[in-house]
Amino acid sequence: MTARALAFGAIALTIAACATAADTQKGVSEIDKALAGREPGEPVDCLDRSFVDGPRIVDGQNLIYDSGRHFWRNQLEASCPSLQPGSILIVEMHGSQICRNDLFRVTEPGAIIPGPYCRLGKFTPYYKPKR
């Protein structure tokens, strides 16, 4: 391998690392922005699907469900590599509730084959403080 090829590889890795760091910072700021002015409550394992709208995809590890009075943040058990804003979630529900450890797959508009399975985490309510 030539020195030129090694230098090119090092540059490519540096660019990839910078992109990953920028994505992480963007994700943190996006979740902070989505939950700004709200205080977290006690996490629960399940939500009644008929009383929440969503999910809104924040980043590769955070979803937000809206119940009108407050938001429910679902921080996934592990990062879901194909999850990004604009994706479509295919959730495997068993009954009228959506629960921790329920599996879902991600697909993109127009795609035929969905991505790998991902797992939901606990649902943490975020309330606006009373004044």
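Here are some notes on this predicted model, starting with the overall build and ending at His70.

1. First, the overall build. The protein has 131 residues, and 30% of them count as buried. One helix and 10 strands make up its secondary structure, and along the sequence the helix comes ahead of the strands, in the pattern α-β-β-β-β-β-β-β-β-β-β.

2. On surface and contacts: the accessible surface is about 8,600 Å², with 57% of that belonging to carbon and sulfur atoms. If you take contacts between residues at least 6 apart in sequence, 53% of them join residues at least 24 apart.

3. Now the sheet to look at. Five strands form an open sheet in the order β1-β10-β5-β4-β3, and the pairing is antiparallel. The edges are β1 (39–40) and β3 (53–59); each has a single partner strand, so one side of each has no neighbour in the sheet.

4. Within that sheet, β4 (residues 62–66) pairs with β5 in the antiparallel sense, over five bridges. If you want one pair to find on screen, try Asp66, whose bridge partner in β5 is Phe71.

5. His70 sits in strand β5, which covers residues 70–75. Is His70 buried or exposed? Its relative accessible area is 8%, and buried means under 20%, so His70 counts as buried.

6. As for the company His70 keeps, its side chain makes a polar contact with the side chain of Trp72, at 3.3 Å. Leaving aside residues up to four places away in sequence, His70 touches Arg38, Tyr65, Pro125, Tyr126 and Tyr127.

How values were computed
Residues are numbered from 1 along each chain as its sequence is written. This is a predicted model: local features need pLDDT of at least 70, side-chain atom pairs count only at pLDDT 80 or more; totals for chains, interfaces and linings use all residues. Side-chain values use heavy atoms; hydrogens and water are left out. Helices (H or I, at least four residues) and strands (E, at least two) are DSSP runs, numbered from the N terminus. Buried means under 20% relative accessible area, exposed over 50%, partly exposed in between (1.4 Å probe, protein chains only). A polar contact is a pair of N or O atoms within 3.5 Å; within protein, one must be able to donate a hydrogen and the other to accept it, and residues adjacent in sequence count only if both atoms are side-chain atoms. Contact means heavy atoms within 4.5 Å. Two strands pair if DSSP finds at least two bridges between them. Accessible areas come from the Shrake-Rupley method with a 1.4 Å probe; for residues, only the protein chains shown count as cover.
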